[in-house]
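The exercises below ask the reader to work through a structure step by step, each task being followed by a solution. Please have the sequence and the coordinates at hand before starting.

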There are 2 protein chains.
Amino acid sequence: MNYLDALNKRYSVKKFDPEKKVSTEALFHILEAARLSASSLGLQPYRLIIVQNAEMIEKLIPAFYNPSQISTCSHLIAIVSKKKIGSEYIGNYFNHISETRAVPLESLNPFQVSISNHMERLTPEQMTIWADKQCYIVLGNLMFAAAIEKVDTCPMEGYKQETIDDILGLEVTKEKVAVTLALGYRSEEDEFQNFKKVRKPTEKLFKFI
Amino acid sequence: MNYLDALNKRYSVKKFDPEKKVSTEALFHILEAARLSASSLGLQPYRLIIVQNAEMIEKLIPAFYNPSQISTCSHLIAIVSKKKIGSEYIGNYFNHISETRAVPLESLNPFQVSISNHMERLTPEQMTIWADKQCYIVLGNLMFAAAIEKVDTCPMEGYKQETIDDILGLEVTKEKVAVTLALGYRSEEDEFQNFKKVRKPTEKLFKFI
């Protein structure tokens with residue numbers, strides 16, 4: 001399928017068909033698109049928790065203001081952002097670059113110093129804002145890949161932060177759920193699938209100079 | 001091309017071939033992917049400025065800390081986020097929904113009231129954080145579509161905010177550049193194209209529960 005057709009067919013599902021589960025193969029393709037996401041300085045300041053256990057999804061229902069998607073989806077993906085990128089994290093990143101590209105760690109030193117200095121200058125709040133934005137590139141990639149795989153999605157920001165972090169067992173001094181995405185297949189009862197997509201027309205959205 | 005192959009081949013270009021321009025057809029496909037991006041509450045709190053005029057791109061060079069991409073790219077896309085989503089903006093949005101879906105405006109009233117109340121409760125800072133995150137979904141879609149179109153990209157956060165807003169003639173009480181993306185074709189001289197992609201391995205990035 002053409003990718004623009006796929007994006008046109010996607011919409012934020014309000015109710016999934018609880019009987020239909022996303023296959024492991026489709027799920028892994030979608031996750032690979034997330035893994036390949038670009039991120040600022042390549043730091044990938046996040047990890048993904050993929051909730052597939054029915055009991056665990058059930059436990060998460062009270063964390064969401066709208067229970068409709070979470071109580072019917074096949075999988076929930078929580079994109080978890082890092083609250084701190086310290087010298088250990090950056091050190092691991094550069095070891096990884098050095099190993100992957102077979103270049104001496106020393107040759108990367110100027111870049112490592114520059115990134116360390118940059119990250120150290122961020123306040124905790126700036127750090128969170130920066131990390132969360134990178135999570136939204138991942139969110140975009142997940143939805144885009146899912147659309148191509150004909151898997152339906154609904155991105156969700158409407159959850160109780162403390163509750164969801166707690167249920168997922170996060171160390172809240174280090175990380176938090178930045179955004180979530182429900183995966184599954186649209187229910188026949190979801191009337192939103194028949195609604196025309198509402199997007200700003202090109203002449204309002206784009207300016208060419 | 002398979003989309004995962006496309007994402008594997010993309011990298012953040014350090015130097016573009018200044019002689020190669022992105023075709024109008026490819027550009028419009030990529031922009032359509034941006035237009036179709038999901039956004040929180042469907043509000044699309046952004047617009048895109050596509051800089052294609054060579055003189056205008058030249059003018060923008062001093063706004064970037066690293067001049068390498070901006071001085072060689074074919075197009076620069078500035079994703080501009082809204083600083084305020086007031087009652088007029090929300091009113092226009094609901095008029096648009098009503099027209100597109102041929103439903104009476106009155107029937108949408110509960111949703112409109114709920115969104116208005118939600119947006120009013122946000123501080124200016126929360127509003128900016130929220131709007132900017134939506135811009136990163138657009139950024140993700142632009143890079144994903146460009147990869148499929150075999151157009152190279154480099155996302156860039158490293159610019160002087162006041163300078164770029166000023167050069168692009170933004171009304172800074174209302175909007176700001178949230179992030180930028182350079183488009184073009186990789187230069188043969190860009191050695192980064194030969195480097196192996198560095199991404200966290202699946203076992204580090206994903207947790208299944």
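Two strands are said to pair if DSSP finds at least two bridges between them. With that cut-off, S3(A) and S4(A) count as paired, in the antiparallel sense and over 5 bridges. The model is a predicted one, and the exercises should be read with that in mind.

**Exercise 1. The elements of chain A**

Task: state how many helices and strands the secondary structure of chain A comes to, and give the run of elements from the N terminus.

Solution. The secondary structure of chain A comes to 9 helices and 5 strands. Read from the N terminus on, the elements follow the pattern α-α-β-α-α-β-α-α-α-β-α-β-α-β. Taken along the principal axes, the C-alpha atoms of chain A fill a box of roughly 60 × 50 × 35 Å. Of the 209 residues in chain A, 39% are buried, and among the contacts between residues at least 6 apart in sequence, 84% join residues at least 24 apart.

**Exercise 2. A sheet with strands from both chains**

Task: establish the order of the 5 strands in the open sheet that includes S3(A), and identify the strands that stand at the edges.

Solution. Begin with the pair of S3(A) and S4(A), which is antiparallel; within it, Asp152(A) has Gly184(A) in S4(A) as its bridge partner. Next, S4(A) (residues 175–184) is joined by 8 bridges to strand S2 (residues 75–82) of chain A, and these two strands also run antiparallel. Two of the facing positions can be located here: Ile77(A) stands opposite Leu181(A), and Lys82(A) stands opposite Glu175(A). The full order is S3(A)-S4(A)-S2(A)-S1(A)-S5(B), an open sheet in which the pairing is mixed. Strand S3 (152–156) of chain A and strand S5 (206–208) of chain B stand at the edges, each with a single partner strand, so one side of each lacks a neighbour in the sheet. From one strand to the next, the twist averages 20 degrees.

A helix completes this part of the picture, since H7 (residues 124–148) of chain A packs on the sheet and touches S1 (46–51), S2, S3 and S4 of chain A, with a direction that makes about 10 degrees with that of S4(A). As for S4(A) itself, 9 of its 10 residues are buried, so this strand is largely enclosed by the rest of the structure.

**Exercise 3. The other sheet**

Task: find which strand of chain A enters the open sheet that includes S3(B), and which strand of chain B pairs with this strand of chain A.

Solution. The order of this open sheet is S5(A)-S1(B)-S2(B)-S4(B)-S3(B), again with mixed pairing, so that S5 is the strand contributed by chain A. The edge strands are S5 of chain A and strand S3 (152–156) of chain B, each of which pairs on one side only. S5(A) is joined by 3 bridges to strand S1 (residues 46–51) of chain B, and the two run parallel; here Lys207(A) stands opposite Ile49(B). At S3(B), the pairing with strand S4 (residues 175–184) of chain B is antiparallel and extends over 5 bridges, with Cys154(B) opposite Ala182(B).

**Exercise 4. The contact between the chains**

Task: determine how many residues each chain gives to the contact, and which element supplies the largest share on the side of chain A.

Solution. The contact takes 53 residues from chain A and 53 residues from chain B. Elements that each supply at least two residues on the side of chain A include helix H1 (3–9), helix H2 (24–35), helix H5 (87–101) and strand S5 (206–208), while the largest share, 12 residues, comes from H7(A). Sorted by class, this side of chain A has 28 nonpolar, 14 polar and 11 charged residues.

To relate the chains, note that a rotation of 180 degrees, with 0.0 Å of shift along its axis, superposes chain A on chain B with an RMSD of 0.0 Å. The two copies are therefore related as by a two-fold rotation axis. The same surface serves both copies, for 100% of the contact residues of chain A recur in chain B.

**Exercise 5. The nonpolar core**

Task: name the residues that touch the most other members of the largest nonpolar core.

Solution. This core has 104 residues, and those touching the most other members are Ile79, Leu139 and Leu142 of chain A together with Ile79, Leu139 and Leu142 of chain B. Leaving aside neighbours within four places in sequence, the contacts of Ile79(A) include Tyr46(A), Leu48(A), Cys135(A) and Leu139(A). In soluble globular proteins, nonpolar side chains tend to be buried together.

Note on methods
Residues are numbered from 1 along each chain as its sequence is written. Chains are lettered from A and ligands numbered from 1 in the order in which they are written. This is a predicted model: local features need pLDDT of at least 70, side-chain atom pairs count only at pLDDT 80 or more; totals for chains, interfaces and linings use all residues. Copies are superposed by least squares on the C-alpha atoms of residues with pLDDT of at least 70 in both. Two residues are in contact if their C-beta atoms, placed from the backbone, lie within 7 Å. A nonpolar core is a set of buried Ala, Val, Leu, Ile, Met, Phe, Trp, Tyr and Cys residues joined through C-beta atoms within 7 Å. A residue is buried if 20 or more other C-beta atoms lie within 10 Å of its own, exposed if 12 or fewer, and partly exposed in between; C-beta atoms are placed from the backbone. Helices (H or I, at least four residues) and strands (E, at least two) are DSSP runs, numbered from the N terminus. Axes are lines fitted to C-alpha atoms, for helices over the stretch in contact, and angles run from 0 to 180 degrees between N-to-C directions. Ala, Val, Leu, Ile, Met, Phe, Trp, Tyr, Cys and Pro count as nonpolar, Asp, Glu, Lys and Arg as charged, and the others, Gly among them, as polar.
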